[in-house]
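Here are some exercises to work through with the model open beside you. Try each task yourself before you read its solution.

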Amino acid sequence: GIGDDAAVISNTEKELVITTDLLIEGIHFDLSYTPLKHLGYKSVIVNLSDVYSMNAKPTQITASVAISNRFTLEAIDELYEGIKLACDNYKVDLIGGDTSSSVTGLIISITAVGEVENEKITYRSGAKENDLICVSGDLGGAYAGLKLLQREKEIFIDNPNVQPELKGFDYILERQLKPEARADIIRMFDELKIQPTSMIDISDGLSSELMHISEMSDCGCRIYDNKIPIAEETSRFASELEIAATTFAMNGGEDYELLFTISQNDYEKLK
C-alpha cells in the first residue's frame, strides 16, 4: 500500500489486468456543473468498468492528480472523498499515486489493477458467427444528462438570474455525473457458469463498441432498433430536443454498461 516508493502486488495463479484513464478539465469534464466529489467517484468508475469488461475483478487503483492554484484544500478533499467512496463501494484498495501543480486546470489519472482466472479472460476478439449480442442495461442516458447540463449552462450564461431547470431528470443526471460499473454482471456470469465470447464497456456509444468487437472478431453484426434498451426519461428528453433516442444510445457514450456476446447455448441461462 501507500508509504513506500512503490506498491508491491504479490503474484498469484491469476492473470493481472491493468488499465489507465486520463481525465482533463475542459476535455472530459466541465466543473461549472460537475461536483468534485462526483468527479472523483466517476474517475474511478471509468477504470473499474474497463477491468470488468475483461471479465476480471478490480483489486487496486492508483490516483494521480495535477491541481491549479485556484483550487482550495477543501475542494481537493472533496475530490478524494469521491475517489475513496468508489473504492469503498467496490472494495478496491487505493495503493498510491502522485500530486502535482498544474497551470491549465485539473488533471486526473487513475490506473486500475484487477485479476481473473486465465480461462475466464474475455477479449473483444472472441465473438463467433451466430452469437447473441447483449447489453447489461439501458443506453443513452449519460449523453442525455450531458445535453441537459450543457443546455442549462448556456441558458445561465445568457441570463444568470435564471435557475437551472433540472426537475424530473434525476435519472439521466445521475447517469452522467455518477455512473456505476457493472460488477453485478461479472458475478452473474460466475453464478450462471456463462463465459461471454467477447466483451467491451460502452464508453463511446453502442455503434463504436460494436464496430470494435466486429473488427477484432472478424464478424459482421445485426442489431434491432426496437430491442435497444432506452429508459423512459432518456426518450422523453430526446423528444424534447427532437432527436431520436436511438441516436443517443448509438452515439452518446459514457453509459459504462457492458456489451457482450454469448453462445446461443447460454440463452436459456441468461434470458
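## Exercise 1: Two aromatic pairs

Y143 is partly exposed, at a relative accessible area of 26%; on this scale, buried means under 20%, exposed over 50%, and partly exposed in between (1.4 Å probe, protein chains only). The model is predicted, so local features need pLDDT of at least 70 and side-chain atom pairs count only at pLDDT 80 or more, while totals for chains, interfaces and linings use all residues. Residues are numbered from 1 along each chain as its sequence is written, and side-chain values use heavy atoms, leaving out hydrogens and water.

**Task.** Classify the ring pair of Y143 and F248, and work out which parts of the chain it ties together.

**Solution.**
1. Start with the rule: rings of Phe, Tyr and Trp (its six-membered ring) pair if their centres lie within 6.5 Å, and planes under 30 degrees apart count as stacked, over 60 as edge-to-face and the rest as tilted. The count by this rule is four aromatic pairs.
2. For Y143 and F248, the centres are 5.1 Å apart and the planes stand at 80 degrees, so this pair is edge-to-face.
3. Next, place the residues, taking helices (H or I, at least four residues) and strands (E, at least two) as DSSP runs numbered from the N terminus. Y143 belongs to helix α3 (residues 141–158) and F248 to helix α8 (residues 245–251), so the pair ties together parts 105 residues apart in sequence.
4. Finally, check burial: F248 is buried, with a relative accessible area of 1%.

**Task.** Do the same for F189 and F260: what is the geometry of their aromatic pair?

**Solution.**
1. The pair is edge-to-face, with 5.0 Å from centre to centre and 80 degrees between the planes.
2. F189 sits in helix α5 (residues 183–192) and F260 in strand β7 (residues 258–262), so the pair links distant parts of the chain, 71 residues apart.
3. F189 counts as buried at 2% relative accessibility, and F260 is buried at 3%.

## Exercise 2: Helix α5 and what follows

**Task.** Which residues of α5 are buried, and what covers them?

**Solution.**
1. The buried residues of α5 are A183, I185, I186 and F189.
2. Their cover, judged by contact (heavy atoms within 4.5 Å), includes α1 (36–52), β6 (198–201) and β7.
3. Here is a helpful reminder: an α-helix has 3.6 residues a turn, so residues three or four places apart point the same way.

**Task.** Set K193 beside N55: where does each lie, and is each buried or exposed?

**Solution.**
1. K193 comes just after α5, in the loop between α5 and β6. Its phi is positive, about 55 degrees, although K193 is not a glycine.
2. N55 is in the loop between α1 and β2 (57–67). The phi of N55 is near 65 degrees, a positive value in a residue other than glycine.
3. K193 is exposed, with a relative accessible area of 64%, whereas N55 is buried at 8%.

## Exercise 3: The surroundings of Y171

**Task.** Which residues are in contact with Y171, leaving aside its neighbours within four places in sequence?

**Solution.**
1. Find Y171 in helix α4 (residues 170–177); Y171 is partly exposed, with a relative accessible area of 30%.
2. With those neighbours set aside, the contacts of Y171 are D138, A231 and E233.
3. For a distance along the chain, take A181, ten residues from Y171: their C-alpha atoms are separated by 16 Å.
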